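Work through the exercises below with the model open. Try each task before reading its solution.

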Amino acid sequence: MKRARGFFILLACLALFPRAACFGDCGLIVIANPRVPATSLSVPDLAAIYLRRVTVWSDGQPIVPVNQGTGSVIRKRFSVILFKEPPVALDDYWNRMHFQGQNPPLVLGSDRDVVIFVNKVPGAIGYVRKGTPIESAKILGRLP
């Protein structure tokens, strides 16, 4: 009986918080436009790009980072991996940067939107769930 009750509590939690559930491998892949010169990026490199501290690729081409929606599980995961903070913790940073003329990365609504954007926009970089079809985009890294 205790076991059954625990199972029903788990089901109730999953029903209330379906986006928080993550079964199997929930890794992320970092993708870029196929014409960017980079072949891989470290977590510190990605953090610098997403904080807009690095704004051009090695060939001088502008870097165009794109985020997923602030409330999305994938964005939260990416932010915690890169910055050890949830996305909302960066609000103060971007408020300060705004007054220095720096805008945050663009925000798109889904893995598919990120793939389409990255494939079309020179210099673009984004992240999607592992297993997402990326078409011709280049994989620059994998995150847990």
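The exercises go from the overall fold to single residues.

This is a predicted model: local features need pLDDT of at least 70, side-chain atom pairs count only at pLDDT 80 or more, and totals for chains, interfaces and linings use all residues. Residues are numbered from 1 along each chain as its sequence is written, and side-chain values use heavy atoms, with hydrogens and water left out.

**Exercise 1. The fold**

Task: State how many helices and strands the protein has, and give their pattern along the sequence.

Solution:
- Step 1. Apply the definition: helices are DSSP runs of H or I with at least four residues, strands are runs of E with at least two, and both are numbered from the N terminus.
- Step 2. Count them: the protein has five helices and five strands.
- Step 3. Read along the sequence: the pattern is α-β-α-β-α-α-β-α-β-β.
- Step 4. Add burial (buried is under 20% relative accessible area, exposed over 50%, partly exposed in between, with a 1.4 Å probe and protein chains only). Of the 144 residues in the protein, 40% are buried.
- Step 5. Add contacts (heavy atoms within 4.5 Å). Among those between residues at least 6 apart in sequence, 69% join residues at least 24 apart.

**Exercise 2. The sheet**

Task: Give the strand order of the open sheet and name its edge strands.

Solution:
- Step 1. Fix the criterion: two strands pair if DSSP finds at least two bridges between them.
- Step 2. Start with β2 (residues 64-68). β2 pairs with β3 in the parallel sense over three bridges, and Gln68 has Leu108 of β3 as its bridge partner.
- Step 3. Two bridges join β2 to β4 (residues 124-129), and these strands run parallel. Here Pro65 is partnered by Ile125 of β4.
- Step 4. Turn to β1 (residues 28-32), which pairs with β5 in the antiparallel sense over five bridges. Ala32 stands opposite Lys138 in β5.
- Step 5. Write the order: β3-β2-β4-β1-β5, an open sheet of five strands with mixed pairing. The edge strands are β3 and β5 (138-143), each paired on one side only.
- Step 6. Add the twist, which averages 30° from one strand to the next.
- Step 7. Check the burial of β2: four of its five residues are buried, so β2 is largely enclosed by the rest of the structure.

**Exercise 3. Helices on the sheet and on each other**

Task: Find which strands α2 lies across and which strands α5 touches. Then describe how α2 crosses α3.

Solution:
- Step 1. Set the geometry: axes are lines fitted to C-alpha atoms, for helices over the stretch in contact, and angles run from 0 to 180 degrees between N-to-C directions.
- Step 2. α2 lies across β1, β2, β4 and β5, at about 120° to β4.
- Step 3. α5 (residues 111-120) packs on the sheet and touches β1, β2, β3 and β4; its direction makes about 155° with that of β4.
- Step 4. The axes of α2 (residues 43-50) and α3 (residues 73-83) come within 9 Å and cross at roughly 115°.
- Step 5. List the contact: Val43, Leu46, Ala47 and Tyr50 of α2 meet Phe78, Ile81, Leu82 and Phe83 of α3.
- Step 6. Classify the contact residues (Ala, Val, Leu, Ile, Met, Phe, Trp, Tyr, Cys and Pro are nonpolar; Asp, Glu, Lys and Arg are charged; the others, Gly among them, are polar). Eight are nonpolar, none polar and none charged.

**Exercise 4. Val107 and Asp111**

Task: Decide whether Val107 and Asp111 are buried, partly exposed or exposed.

Solution:
- Step 1. Val107 sits in β3 (residues 106-108). Its relative accessibility is 46%, so Val107 counts as partly exposed.
- Step 2. The C-alpha atoms of Val107 and Val66 are separated by 5.7 Å, with their positions 41 residues apart along the chain.
- Step 3. Asp111 lies in α5. Its relative accessibility is 11%, so Asp111 counts as buried.
- Step 4. Leaving out residues up to four places away in sequence, Asp111 touches Gln68, Ile74, Tyr127, Val128, Arg129 and Thr132.

**Exercise 5. Backbone angles in loops**

Task: Locate Arg52 and Glu135, and give the phi of each.

Solution:
- Step 1. Recall the rule: most residues other than glycine have a negative phi.
- Step 2. Arg52 lies in the loop between α2 and β2. Its phi is positive, about 65°, although Arg52 is not a glycine.
- Step 3. Glu135 lies in the loop between β4 and β5. Its phi is also positive, about 55°.
- Step 4. Place Arg52 in space: its C-alpha atom is separated by 7.6 Å from that of Gln102, 50 residues apart along the chain.
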